[in-house]
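Here is a quick walk through one protein model, for anyone meeting it for the first time. Keep the 3D view open as you read.

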Amino acid sequence: MKNVIVLFGGDSDEKEISRLSADSIIKNIDTTKFNAQLLDLNNLNLKEVDKETVFFIAIHGLGGEDGQIQDLLSKNGYKFTGSDYESTKKCWNKVLSKEILIKNNINTPRFITIDKNENINFKDEFFSNVTEYFVKPAKNGSSLGVSRVPNLSGLKSAVNDAKKFSDQVIIEECYGDAEYTVAILNGVALEPLEILPDPKRSFYDYKAKYFSGETRKVEIIDKKLAKELKTMAIKAFYTHDCNTWGRVDFVAKDQLIGVLEINTVPGFTEKSLVPLAAKKSGINYQQLITEIIEDVL
C-alpha cells in the first residue's frame, strides 16, 4: 500500500480553502490502495518522510501554486502530484502566463501592468480602446483582490485593493459575457462547464466561489463551443508545460473567447469545478483522486 501525504495550508491567503480540499481528499481516497495522512505545510519536515511517499499537493495559492513546494520536493527526490516547479511558476505569474499565451497565438484579454510604486497612466493607448476593466493581482488566486470596474473612475481604488495581494497589478479588458472552465486530466480535456455566478455578484468572485448558494456550474450544450474550449484548454495547458491535472479558465466577450488563467492546484472538494467536470465525464471523485496519484507512480 502506497503512503500518501496530503499537503495543505501554509501561509497562503487561501489556506482555509486548502484545508477543505485536503479534508475532502482524505475522506474520499481509496483506502485499499493508499495509506493517507494530512499535513500542514508549516509542519513539513522532510527528514521524517520516507522517500517512497507520494505528496498530494492541495495547497492553493502561495506555497503551492507558485512553485515553492514543487521545487523543494523535486530537489529532495520526492514524488508529488501535478505540475513541476517551472510550469507552476509560469501559471502563478499571470503576466508571464499571458505572454506565453500571446506568443502561442492563444487569445487572452488585452492588459497593462501597474507596479507597486507606479501610478496609472491614463494616457496609455490601452484606455482609448477599452472601456470596462478587470483589475487583479498578478500573483494570487481565488479571485482575491479582483474587481470588475465599469469605468475609469473606479480604477485607482481597485488597483490599490489589488496591491494588497501582489506587488504587480493587471488592468485587463473586461470579457464579461460568459465564464467557462475546462479541467485537464492526463492529457484529456474533460467536459467544459459554464459558470453562472450568483446574480448578486458581478462576476465569479471569492464569495460567489465559496459562500454563495446561488452560483451554478452547468454543462455546455453547444457542441461546437465545447470542442473549441477543449482544444484551447489543451493548447494553453501544454504551452505552459503543465502535467497530469489542472484547470483552464475562460471568459467571453461578443464572439471572442479568451484564456483567463491556468490553475495548477485548483480547488478540490467534491463540489469544486475539477471534480464536477470529472463527474460529468464519467469519473467519480475517488477515481479522480486515484488517477492523479497513480500518474506519479
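Let's start with a contact between two helices. On the α3 side sit Lys90, Cys91 and Trp92, and they meet Lys94, Leu96, Ser97 and Ile100 in α4. Sorted by class, the residues of this α3 and α4 contact come out as 4 nonpolar, 1 polar and 2 charged. Keep in mind that you're looking at a predicted model. Helix α3 covers residues 85-92 and helix α4 covers residues 94-103. Their axes come within 5 Å and cross at roughly 100°. Angles from 65 to 115 degrees count as roughly perpendicular, so that's what α3 is to α4.

A second helix pair is worth finding: α1 (residues 15-28) with α10 (residues 285-294). Here Ser21, Ser24, Ile25 and Asn28 come from α1, and their partners in α10 are Tyr285, Gln286 and Ile289. That contact has 3 nonpolar residues, 4 polar ones and no charged ones. The packing angle is about 100°, and the axes lie 9 Å apart. With that angle, α1 is roughly perpendicular to α10.

Here are the two pairs side by side:

| Helix pair | Angle | Axes | Source residues |
|---|---|---|---|
| α3 and α4 | roughly 100° | within 5 Å | 85-92 and 94-103 |
| α1 and α10 | about 100° | 9 Å apart | 15-28 and 285-294 |

Now for the strands. Strands of a sheet pair through backbone hydrogen bonds, either parallel or antiparallel. In what order do the 4 strands of the open sheet with parallel pairing lie? Read across, it goes β2-β1-β3-β4. The edges belong to β2 (34-40) and β4 (79-80); each has a single partner strand, so one side of each is left without a neighbour in the sheet. Strand β1 (residues 2-8) runs parallel to strand β3 (residues 54-57), and 4 bridges join them. In this pairing, Val4 stands opposite Val54 in β3. Helix α10 turns up again here: it packs on the sheet and touches β1, β2 and β3, with its direction at about 125° to that of β3.

There's another open sheet of 4 strands, in the order β5-β8-β6-β7, and its pairing is antiparallel. At its edges are β5 (111-115) and β7 (147-149), each with a single partner strand, so one side of each has no neighbour in the sheet. From one strand to the next, the twist averages 25°. Strand β6 (residues 133-137) pairs with β7 in the antiparallel sense over 3 bridges, and Tyr133 stands opposite Val149 in β7. This sheet has a helix packed on it as well: α6 (residues 155-163), touching β5, β6, β7 and β8 (168-173). The direction of α6 makes about 25° with that of β6.

Last stop, a bit of empty space. The second largest pocket holds about 180 Å³. What kinds of residues line the second largest pocket? By class, there are 3 nonpolar, 3 polar and 5 charged residues in the lining. Among them are Asp11, Asp13, Asp66, Lys89 and Lys139, along with Trp92 and Phe165. Trp92 may look familiar, as one of the α3 residues that meet α4.

How values were computed:
Residues are numbered from 1 along each chain as its sequence is written. This is a predicted model: local features need pLDDT of at least 70, side-chain atom pairs count only at pLDDT 80 or more; totals for chains, interfaces and linings use all residues. Side-chain values use heavy atoms; hydrogens and water are left out. Axes are lines fitted to C-alpha atoms, for helices over the stretch in contact, and angles run from 0 to 180 degrees between N-to-C directions. Angles under 35 degrees count as roughly parallel, over 145 as roughly antiparallel, 65 to 115 as roughly perpendicular and the rest as oblique. Contact means heavy atoms within 4.5 Å. Ala, Val, Leu, Ile, Met, Phe, Trp, Tyr, Cys and Pro count as nonpolar, Asp, Glu, Lys and Arg as charged, and the others, Gly among them, as polar. On a 1 Å grid over the protein atoms alone, a cavity is a set of points where a 1.4 Å probe fits but cannot get out, and a pocket is an open set with protein on both sides within 12 Å along at least five of seven lines; lining residues have an atom within 4 Å of a point. Grid points are joined across faces, edges and corners, and a volume is the space filled by probe spheres set on the points. Two strands pair if DSSP finds at least two bridges between them.
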